[in-house]
Structures are given as structure tokens and as C-alpha cells.
Amino acid sequence: MTDRINASTLRKTWLLKSAALTTFATVLAFPGSTWAQTAQSPAEEPQGAAQNTATTEGAIGEIVVTAQFRAQSVQRTPLAITALSAETMSAQGLTNVSDIAAQAPNVVLQPAQAGAGPSVQSFIRGVGQVDSNPAVSPGVGTYIDDVYYGSIAGANFDLVDLDRVEVLRGPQGTLAGQNSIGGSVKLYSKKPTGDGSGYVALSYGRFNNVRVNAAADIPLVRDRLFMRITGVSDSKDGYVTRYDFACTHPGTAVPSFGSSGDCKLGTLGGKSVTAGRVQLRWVPSDTLEVNLAGDYINDNSEGTPQTLLYAQNPGQTPKTSINGVSLGTASGASQFISYSPYGAYATDPYSKSAYVSYATYCDPSPSDKTAAYCVQPRSATHGGGGSLTIDYKIGDHVSLKSITAYRRQRMDYVDDSDTTPIGGALLTNALTYREFTQELRLNAGLFDNRVNLTLGGFYMNEKTKLDSRIDIPPFDFLGRDRVPATTYAAFGNIDWKATDKLQLIGGLRYSKQEKTFNFGRLGVPGSVAGFHPDGPPYFPCPQAGGTVVNVAVCPVNGLSGTFKGDNVDYRVAAQYQWTPTFMTYASVATGFKGGGVNPRPYNLYQVIPFDPERLTSYEIGFKSDLFDRRLRVNASLFYGNYTNLQLPVSSCPANPAYPNVPLASYAQPCSALLNAGKARTQGGELEVTARPIDKLTLQGTLGYLDIGFKSLQAAAISAGTTLNSQFPLASKWKASASAQYRIDTESAGAITPRLDMTYQSSFYTSIPNTTFNKVPGYTLLNASLAWEAPDGKWMVIGNLMNLTNKLYYYALLDARAVNGLVTGFPAAPRQWRITVKRSF
């Protein structure tokens with residue numbers, strides 16, 4: 001009876017909140033979602049591509065998307081979608097995937113902290129993934145020209161020469177497949193047209209930011225074969241400065257690692273990227289189109305910014321040395337406090353800046369006992385891929401699409417996770433991810449296109465290789481992990497126009513997945529071997545260059561674990577077109593994220609499997625164009641049930657396979673995933689675009705999210721999770737607003753000023769929630785001013801990002817239970833950029 005009462009109360013609470021949100025949304029004079037006019041692929045036109053139906057000058061144009069496997073107006077698609085055009089991204093100064101979330105409600109796309117390397121943490125409606133290891137499935141699917149990229153590692157792609165970006169919110173289990181349980185982000189490149197067009201854009205900005213972007217569309221065979229070449233080079237100095245503590249604090253016992261007279265060791269957050277893309281488009285007939293694309297990226301960027309905010313728990317006995325290095329006579333709550341130049345606990349006499357770090361990326365006393373172990377801070381990506389897309393019209397209303405793709409990327413990154421001048425935790429990683437995918441789709445328009453049918457199949461083969469050195473005394477070892485994975489899927493989607501106004505949609509997808517985790521642990525010179533007193537006899541430690549691995553890690557070497565599973569996702573939706581410009585819809589959709597085995601075990605007992613997580617989401621919404629399409633209002637309400645929620649933990653739970661081994665002997669250090677239990681997610685979204693006069697465009701979004709646990713498994717409770725715990729990176733409120741006005745002159749061209757505001761309420765970086773990992777809410781202002789020549793061939797754009805110089809953080813990492821430290825990932829301070837673009 002108690003469970004029923006609680007469930008009823010939850011539903012009533014949600015309905016009250018939803019009603020309040022809807023009422024609030026309707027009275028807001030608050031502009032919303034971005035508009036885009038997008039080109040249509042000839043191969044998709046038979047399935048009913050939407051045309052621009054604007055009837056008055058200055059009306060808001062249509063958005064054409066392909067979310068349901070066919071081109072159609074977003075205003076007639078029963079999904080919550082935000083689309084960004086190339087023009088909007090340019091006006092806002094957006095340069096990579098993590099920049100685009102500002103325009104989408106309940107969407108978080110942000111760079112990952114140092115331990116996750118060059119990754120993007122993607123969350124939609126509170127659903128996503130923070131672990132960048134490709135062996136762990138993402139929660140938001142990323143696509144480039146309909147090619148799935150199966151990892152958040154290396155997914156912070158540069159926004160180069162794009163036609164549009166589509167952000168689909170809610171589970172896309174049938175439309176996008178596995179690991180799109182929260183939604184999907186789809187990037188679409190500009191296709192070659194053979195019109196001889198192109199551009200060159202040169203930018204310069206703060207932190208010595210130099211960016212060159214160019215593209216050329218070249219006809220090779222008239223009306224048949226076209227090529228488009230795109231390139232970008234982007235370099236920037238870092239915004240967090242690293243100093244040599246011994247130089248800035250004379251007389252300290254901390255050893256020096258500097259060589260320059262100004263005490264600077266270097267910077268963090270710097271960028272050095274070169275990338276290119278070549279596309280070939282062949283149209284031998286009206287029924288066949290072939291697109292071949294290849295790209296490469298060479299990213300040698302600096303390490304991810306990370307600063308120290310707190311060290312050592314109050315009352316904990318101060319240490320006198322670490323790794324044999326004397327710390328002098330420091331006393332009080334922490335001998336590390338002076339290493340933190342900013343924050344409530346900082347007492348550093350040298351600097352009070354939030355953008356200063358004393359991290360050395362060195363261990364002055366490593367386990368080999370010979371010399372300091374030092375590495376260069378980096379967050380680099382190298383690699384690329386290719387795709388072959390074939391569209392063939394079998395008949396007037398039947399077409400076949402084949403998408404074949406291969407991608408290989410290597411990410412090299414370093415995490416000096418203690419961020420102090422004493423080498424307490426230094427991790428280096430070389431992560432290689434390779435994938436091959438093949439997708440086939442058969443689209444058919446039946447019964448005078450009153451029924452649109454899609455049948456398809458999908459195959460993916462992945463290989464993850466992680467080579468690492470973990471230097472967290474006494475856990476010093478070399479990791480050699482290999483994870484092959486294979487996925488098969490079959491899917492179908494049907495859209496039936498039951499009447500002129502009513503459409504019914506159904507979809508089904510079957511997925512089968514297999515993933516094997518092979519662990520390798522090798523020795524670091526000087527490590528000590530032995531036996532654990534609380535566990536079973538350990539196997540002999542493997543030799544590595546004449547030395548042995550740490551005793552606790554040793555038994556992990558050679559272990560493997562396999563996950564096998566299948567899943568059926570479904571989607572049912574109905575939409576009703578009340579008028580040509582007003583549509584309502586309701587849907588039920590499911591999604592799942594694959595299971596696996598903890599990819600980072602520090603000892604035998606941490607090799608723990610976890611099951612797939614699943615989400616069933618209920619959604620209602622409307623889409624409307626009012627006042628001759630001068631006002632666009634789209635809104636949605638959603639409620640979802642989560643099962644087997646995958647949760648990252650820093651304290652491992654008891655392993656039932658070893659009931660006689662004390663938990664305290666292996667719970668930490670820990671970096672694992674486990675199934676926490678059941679949860680629910682609910683909220684609402686509003687997107688509005690207004691064009692009150694021809695040259696003025698107002699936009700904005702509003703998102704409300706309430707996500708929480710319904711029940712917990714014992715393992716989650718033991719890791720510090722409670723029913724009141726807040727989900728990682730889940731802000732309750734998220735909003736944006738912008739205004740843009742185009743001023744046309746007869747002889748001097750057009751001038752367009754633009755102002756953008758984004759707001760995000762507070763959120764926690766991880767569970768357990770503490771005051772040390774709670775990121776305060778913040779409001780950001782960006783501004784731009786663009787000039788376009790009368791002939792449209794020259795353009796100058798000035799962008800000002802973080803106009804008020806707001807200090808805010810992407811993440812706060814509370815590791816007090818592990819090493820007594822709290823660190824932060826600060827976002828960049830105010831930046832400016834001037835871009836000159838020449839089109840031809």
C-alpha cells in the first residue's frame with residue numbers, strides 16, 4: 001500500500017509541476033528555438049520532404065530534419081528536436097560540439113574533466129554518461145552524416161563546414177538504436193553541389209587564438225561528380241597557468257621542477273588542432289547518388305585545466321612527507337592549503353587567481369626509485385575515418401540507403417589528479433578506439449504515400465585498447481586493457497496517415513550485443529610484491545622488465561569478463577494536425593544503454609559486472625506557427641521510468657563472489673560503474689522563436705528537469721547513494737534567450753548585432769552529493785556584431801564570449817575520501833574573437 005501511495009503522490013506532484021510549467025511557459029514573452037533552412041537530399045524527396053511554406057516576407061522558415069528516416073518539417077515531426085543552422089552557429093561563435101547545448105533545453109554538452117581526456121560529457125534530460133572509456137556505453141548517441149560514433153571519447157568534434165545540427169531529446173531506441181537512451185546529437189555536413197563556391201575565414205582572439213577555416217566546392221564532371229574540400233587550423237594558448245611552487249615560495253621543502261626565470265611551468269587548456277575533410281558526390285543518374293567522405297584530425301592540445309580548491313579533511317593528521325619528500329613543519333587542517341590559490345580554503349600568499357595551478361605532472365619519488373617520473377600535460381586526439389553512403393531509388397516511392405563507415409582515433413591524455421606539487425596521483429593514458437559500422441535502410445511510400453515504411457539492419461564492430469600508467473602509490477602499475485564488442489540490430493518504422501489530420505507511428509528495434517573485457521596489469525620498476533592477508537592466495541606476479549606489479553593489482557592481470565545481451569525497443573506515437581500550423585502529439589518510447597564489466601579494477605574484487613539500463617518515456621507536446629509564421633512556439637512534457645540505472649562510484653561495493661573478504665580491504669581506490677536501482681525523470685521544455693518585424697529575431701528556450709531515485713540496490717547504498725541524491729550534471733532549470741537585428745543599408749551592406757544569454761541552475765558533479773561537488777548556478781552573456789558586404793562576399797564577425805567575465809566551473813571533483821583533495825575544472829574567462837570571411 002505504501003508503494004502505491006508514493007507512486008500516486010509522485011504522479012500528482014508531477015502533474016502539478018507540469019501544469020505550473022505550462023502556465024508559466026504560455027505567459028512568457030521569452031523567445032526560443034533556433035530556426036534553420038536546410039537543403040534536401042534528392043534521394044529523400046520521394047518520402048515527403050517538407051517545403052518552405054512561409055506566405056509572408058520575414059516569416060520564420062521551415063526546418064527540414066531526417067529524424068524519422070525521411071525528410072520532413074520539424075513542425076510536423078512528433079519529436080522534441082532543436083536544430084541549429086550554420087549561420088546561427090557562426091553568429092554565436094560556436095566552434096565545437098560542446099558549444100551547441102546553450103540553445104537546447106535540458107541538454108548538457110560540455111568538455112570532460114582531465115581524467116576523461118578529450119571527451120564530451122553528453123546528457124539529455126538528465127540521462128548520459130561521464131565515463132569516457134569506450135568500453136562503457138554512452139547515454140547520448142553522436143552521429144556525423146548518419147554515421148554512429150560509439151564513444152564520448154574524442155567526440156567533441158569541431159563544427160567545420162556544417163549544414164546543420166539536430167539535437168533529439170528523449171530515448172531514440174528505435175530510430176537511433178543502442179546508447180541513445182537520453183537522445184542523440186546529429187551533425188550534418190554541407191554536401192558537394194559543384195557550384196564552384198567556397199570561402200576562407202581567418203580569426204584572431206584572446207589567448208593568441210588563431211583559427212583558419214576554408215572550404216571549396218569543385219565540379220569534377222558536369223552535373224555528375226562533385227568534390228568538397230574543407231580544412232581548419234585552430235590554436236590557442238591555455239588560460240590556466242602552472243607555476244613552479246619552489247620558485248614562487250622560496251624556502252619550501254618541495255622540490256623544484258622549473259627552469260625558467262619567471263617560475264612558469266606552462267599552461268593548461270591550450271589548443272592546437274588541424275583537421276581536414278574531403279567529400280566526393282557522384283550522381284550518375286536520377287536514381288543513384290553516391291557520397292564518399294574521409295576526414296583526419298591532428299589534435300595536440302594541452303592538458304585539461306584542473307585546479308586545487310581544498311586539501312585534507314579537517315581533523316586528519318597532517319602528513320610529514322609524501323614519497324619520501326619532506327613537507328617541512330606544515331600544520332593545521334592541511335599542509336596542502338597553500339597549494340590552493342583560490343577558494344574558500346585557500347591561504348596562498350603568492351596568488352589569489354582561480355586560473356593558477358601548482359601541478360607539476362611529475363612524481364618526484366616514483367616506485368622505480370631512480371629519477372622523477374614526469375610527463376607533458378596533454379589532451380590529444382589523432383585519427384580519422386571514412387564513410388560511403390549509397391542512395392538508390394528502386395521506384396517512384398521506394399529507395400534503398402547503404403551507410404558503410406570506419407573510424408579509428410587515438411586519444412593521449414594525462415591527469416595530475418592531485419594538482420599539487422607533490423606527485424600523489426599521476427595517470428597517463430593512450431586510448432585507441434576503432435569501429436566499423438554498416439547500416440541498410442529500405443524506405444517505401446505506400447498507398448499514395450499515406451503509409452511510409454522503413455525496414456533496416458545495423459552491424460557494428462568495436463575495439464578499444466587502453467594502455468596506461470597508474471601512479472597512485474602504492475598502486476603503481478601499467479594497464480593493458482582490450483575490449484572487443486559486436487552489435488547486431490534489425491529495425492522497422494511505420495508512419496500511417498490515417499486521416500488528413502491524424503497520423504499514427506510505430507517502431508520496433510531488436511539489438512544483440514556482446515562485449516568482452518580483457519585486463520592486463522604489468523609491473524612498474526621497483527614495485528613491491530607480496531600476499532594480501534585477507535584474501536585467497538594470489539597468483540605469482542607477472543614479470544615486466546625484471547620487475548613485478550603491485551600485489552593488490554597483480555591478480556587482475558589476465559582476467560576477462562564478458563557481457564552478452566539483447567534488447568527490444570519500441571516507439572508508439574500519434575500526432576494530430578489541427579490546422580496547417582498547429583500540431584499536437586503523444587508518444588511512448590524506450591531506449592537502453594549496454595551493460596558490461598567495471599573497466600577500471602584496481603584489484604581482483606573490483607571486477608564487477610553491471611547490467612544494461614533501460615528507460616521508458618511518455619511524452620506529449622505541441623508545435624505551432626502563429627501570426628503568419630512570425631511566432632513559433634513548441635513545447636513538450638515528459639515522464640520516464642528508469643531501471644538498472646548505471647551509476648559511477650568512487651567507493652566500490654561488496655563483491656558477492658568474495659563474501660569472506662572485508663570490504664575495507666578493496667573498496668578504494670575505486671572508479672567503477674554499478675546498477676543503482678530505479679529512478680524517474682520528468683519535466684518540460686519550451687522553445688519559442690519570434691519575428692515581430694522583418695529584421696528582428698528573438699529566440700529562447702526553457703527547460704525544467706526533475707530526476708530522482710525511486711528505489712536503490714544495496715550496492716548503491718553502500719557507495720553512499722540515498723533516495724534524495726541528485727543525479728550528476730542534472731540542473732533543475734536551464735534557459736537561453738537571444739536577440740538579433742539586421743540593419744540593411746543601400747551602399748554599406750548589412751550590420752547585425754546579436755546578444756545571447758544562457759542560464760543553468762546548480763548541479764552536482766557526482767554521487768554522493770556534497771557541498772564540495774556542487775557547482776553553483778550561473779548566467780552567461782555572449783555578444784556578436786557582424787558586417788556583411790552588399791555583394792555578400794565579405795563578412796566580418798566580432799564575438800565576445802562570457803561578456804561579464806563570470807567564473808564558473810564545468811565540474812568540482814570531491815576526492816576527499818581517496819586522497820583528501822577537492823579539485824575544479826574552471827571554464828575559460830572572458831574571450832573575444834574577430835573573424836574575417838571571404839566567400840567566392
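This passage describes the paired strands, the disulfides and one internal cavity of a predicted model.

Strands are treated first. In a sheet, strands pair through backbone hydrogen bonds, and the pairing is either parallel or antiparallel. One open sheet in the model has 5 strands, in the order E3-E9-E10-E7-E8, and its pairing is mixed. Strand E3 (80–85) and strand E8 (147–149) stand at the edges of this sheet. Each has a single partner strand, so one side of each is left without a neighbour in the sheet. Neighbouring strands of this sheet are turned against each other by 20 degrees on average, direction ignored. At one edge, E3 pairs with strand E9 (residues 162–169). The two are antiparallel, with 6 bridges. Within this pairing, Leu 84 stands opposite Val 165 in E9.

Strand E13 (225–236) has antiparallel pairings with strand E12 and with strand E16. Strand E12 (residues 209–221) is joined to E13 over 11 bridges. Here Val 210 faces Ser 235 in E13 as its opposite residue. E12 and E13 form a hairpin, with 3 residues between the strands. In the turn, Asp 223 has a positive phi of about 60 degrees. The pairing of E13 with E16 has 12 bridges. Ile 229 has Val 278 in E16 as its bridge partner.

Strand E37 (residues 613–626) is likewise joined in the antiparallel sense to strand E34 and to strand E38. Strand E34 (residues 582–593) meets E37 over 12 bridges. In this pairing, Ala 586 stands opposite Ile 620 in E37. Strand E38 (residues 631–643) is joined to E37 by 13 bridges. Among the bridged residues are Phe 622 and its partner in E38, Ala 635. E37 and E38 form a hairpin with 4 residues between the strands. Phe 627 takes a positive phi there, near 50 degrees.

Disulfides come next. The structure holds 3 of them. Counting bonded cysteines along the chain, the pattern is 1-2, 3-4, 5-6.

Cys 247 and Cys 263 form one disulfide, with sulfur atoms 1.8 Å apart. The torsion about their S-S bond is about -55 degrees, so this disulfide is left-handed. The pair links distant parts of the chain, 16 residues apart. Cys 247 lies in helix H3 (residues 245–248), whereas Cys 263 lies in the loop between H3 and strand E15 (264–268). Cys 247 has 31% relative accessibility and counts as partly exposed. Cys 263, at 11%, counts as buried because the cut-off for that class is under 20%.

Cys 362 and Cys 374 form another disulfide, and their sulfur atoms are 2.0 Å apart. This link is right-handed, with 120 degrees about the S-S bond. Its cysteines sit in distant parts of the chain, 12 residues apart. Cys 362 belongs to strand E22 (residues 362–363), and Cys 374 belongs to strand E23 (residues 373–374). Cys 362 is buried, with a relative accessible area of 6%. Cys 374 counts as partly exposed, at 39% relative accessibility.

A disulfide is also formed by Cys 652 and Cys 670, whose sulfur atoms are 2.1 Å apart. This link is right-handed, with 80 degrees about the S-S bond. Cys 652 and Cys 670 both lie in the loop between strand E39 (646–649) and strand E40 (672–675), so the pair ties together parts that are 18 residues apart in sequence. Both cysteines, Cys 652 and Cys 670, are buried.

Internal space was examined last. Rolling a probe the size of a water molecule over the atoms shows where empty space is left. The structure holds 16 cavities of 30 Å³ or more. The second largest cavity has a volume of about 310 Å³. Its lining is made up of 18 residues. Phe 157, Asp 158, Val 160, Arg 277 and Asp 295 lie nearest the centre of this cavity. By class, the lining has 9 nonpolar, 5 polar and 4 charged residues. Several strands each supply at least two lining residues, including strand E10 (183–189), strand E17 (288–299) and strand E25 (398–416). E13 and strand E16 (271–285) each supply at least two as well. These two strands, E13 and E16, are also the antiparallel partners joined by 12 bridges.

Terms used. Residues are numbered from 1 along each chain as its sequence is written. This is a predicted model: local features need pLDDT of at least 70, side-chain atom pairs count only at pLDDT 80 or more; totals for chains, interfaces and linings use all residues. Side-chain values use heavy atoms; hydrogens and water are left out. On a 1 Å grid over the protein atoms alone, a cavity is a set of points where a 1.4 Å probe fits but cannot get out, and a pocket is an open set with protein on both sides within 12 Å along at least five of seven lines; lining residues have an atom within 4 Å of a point. Grid points are joined across faces, edges and corners, and a volume is the space filled by probe spheres set on the points. Ala, Val, Leu, Ile, Met, Phe, Trp, Tyr, Cys and Pro count as nonpolar, Asp, Glu, Lys and Arg as charged, and the others, Gly among them, as polar. Two strands pair if DSSP finds at least two bridges between them. Axes are lines fitted to C-alpha atoms, for helices over the stretch in contact, and angles run from 0 to 180 degrees between N-to-C directions. A disulfide is a pair of cysteine sulfur atoms within 2.5 Å. Buried means under 20% relative accessible area, exposed over 50%, partly exposed in between (1.4 Å probe, protein chains only).
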